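Open the model in your viewer and keep the selection panel at hand. The stops below go from the whole chain to strands, then to the core and one helix.

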Amino acid sequence: MPTPIRRLLLLALLALLAGAPATAASLADANAAARDFVRATMKARGIPGLQVAVVRDGRVVLSESHGLANVENRVPVEPTTLFPINSATKAFTGVAVMQLVQAGRVDLEAPISTYLADLPPAWRAIRVRQLLAHTSGLPDIVDAQGLVGAGPEPAAWQAVAAMPLQAAAGERFAYNQTNYGLLARIVEAQGAMPYAAFVAEHQFAPLRMRRSRFGDSYDLVAGAATVYSFLPRRSDAPGMPARLSHWFYDVPHGLWAGGGIQTTADELAQWLVALMQGRLLDADVRERMWVPERLNDGSVGEWAAGWPVAGTAPHREVTSMGGARAAFRIYPDDGLAVVVLTNLVGADPQDFIAGIAGFYRPAPAGGPALNGDDPRVAIRCAASACQAPAVRK
């Protein structure tokens, strides 16, 4: 008898060959197919615990919890289990900045020295929008060992301020955490309160996101999922087999804007509904947030204001991901969004979200599906890329 994942692949392939849409015929069928796909993907990738939510046409049509939040104590994932979203926090920071833009307190075109004092001279002319889109040219306050200098946060800021620019502002895309540390300071200055308090007051509270909070794996948080990885330990001898181990991450307060939120798929889904319905930002401001930044040479950069954006209307994809274990994606022109939160570093849910979305939206009429939603992407993922993670050096 074929395995569930092979049945899903066969159905997707038959639909593709027949020219039929890649979605199920009804919501119940779509949910059942998505559920089977998620369970098979968890097994193939070795994911201990996961939450998934799907938003379609302004309502949450699927919200489920699977697996274990804590493996060693056999604690199941519940709808209230908190997962870190790490760098996906940058989407919330993008919304916070755009809320200040909408209120007339921030100008995306303004030099950051308009809002921040005591900047190095080379930093002063960088535009706010260039921080949001990672085109500032600033050196990164985080390196392979953590904070630059491996000391406390104030020393790291002092060290990075003494470094030369890596490129002229607007010359190229280069992802780094310095950008979002500075954006947190702009939010604090123009929002007249600490960054985390501004996000809580203007995003969490209006949407009753009562579980969502800031912190990292060193904080004592009731109901938080334990984070794991298959990566080798520093003390492992070469050739040791992959094994599930604890993973710890540290996000200093000054960098919370780039990676500090812990939340649930339910609350994230409600946040996405509110964003898509214009309850967090006016529609024109939200659309401006999702316009990719152009570089000095006129080419399109990889990010917009806090969000990577792929494709163009009528089938855009707006994505956020973090920690190689959490991701959410919006299809703004299709009224669809998908959230996947896991507790495995290397689960990379951004790689298989398209497979879930494919059960809920048809391929575009008159041509192939765009930006990874072709059923063949799900087939490739389930058949090969969704195997247990290799040990990474």
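Start with the whole chain in cartoon view: its secondary structure comes to 12 helices and 15 strands. Helices (H or I, at least four residues) and strands (E, at least two) are DSSP runs, numbered from the N terminus. This is a predicted model, in which local features need pLDDT of at least 70, side-chain atom pairs count only at pLDDT 80 or more, and totals for chains, interfaces and linings use all residues. Residues are numbered from 1 along each chain as its sequence is written, and side-chain values use heavy atoms, with hydrogens and water left out.

Switch to a surface. The chain exposes about 17,100 Å², of which carbon and sulfur atoms supply 55%; accessible areas come from the Shrake-Rupley method with a 1.4 Å probe, and for residues only the protein chains shown count as cover. Of the 393 residues, 53% count as buried. Buried means under 20% relative accessible area, exposed over 50%, and partly exposed in between (1.4 Å probe, protein chains only). Among the contacts in the chain with a separation of 6 or more, 67% are between residues 24 or more positions apart; a contact means heavy atoms within 4.5 Å.

Next, select residues 49-56, strand β1, where seven of the eight residues are buried. Add residues 59-70, strand β2: β1 and β2 pair in the antiparallel sense over eight bridges. Two strands pair if DSSP finds at least two bridges between them. V52 stands opposite E64 in β2. The two strands form a hairpin with two residues between them, and D57 in the turn has a positive phi of about 55 degrees.

Now add residues 336-342, strand β14, which runs antiparallel to β1 and is joined to β1 by seven bridges. To check the register, label V55, opposite A337, and A53, whose bridge partner is V339. How many of the residues of β14 are buried? The count is seven of seven. Show the side chains: L336, V338, V340 and T342 point one way, while A337, V339 and L341 point the other way.

Extend the selection to residues 326-331, strand β13, which pairs with β14 in the antiparallel sense over six bridges. A327 has V340 as its bridge partner in β14. The hairpin of β13 and β14 has four residues between the strands, and G335 takes a positive phi near 65 degrees there.

For the core, select V128, W271, L275 and W307, the residues with the most contacts inside the largest nonpolar core, which has 80 residues. A nonpolar core is a set of buried Ala, Val, Leu, Ile, Met, Phe, Trp, Tyr and Cys residues joined through side-chain atoms within 4.5 Å. Centre on L275: not counting residues up to four places away in sequence, its contacts include V95, M289, W290, W307 and I330. A second, separate core of 28 residues includes Y331, A354, A357 and F359.

Last, select residues 153-161, helix α5, in which A161 lies. Is A161 buried or partly exposed? A161 counts as partly exposed because its relative accessibility is 28%. Leaving aside neighbours within four places in sequence, A161 is in contact with P120 and W123. Draw a distance from A161 to L138, 23 residues apart along the chain: their C-alpha atoms are separated by 9.1 Å.
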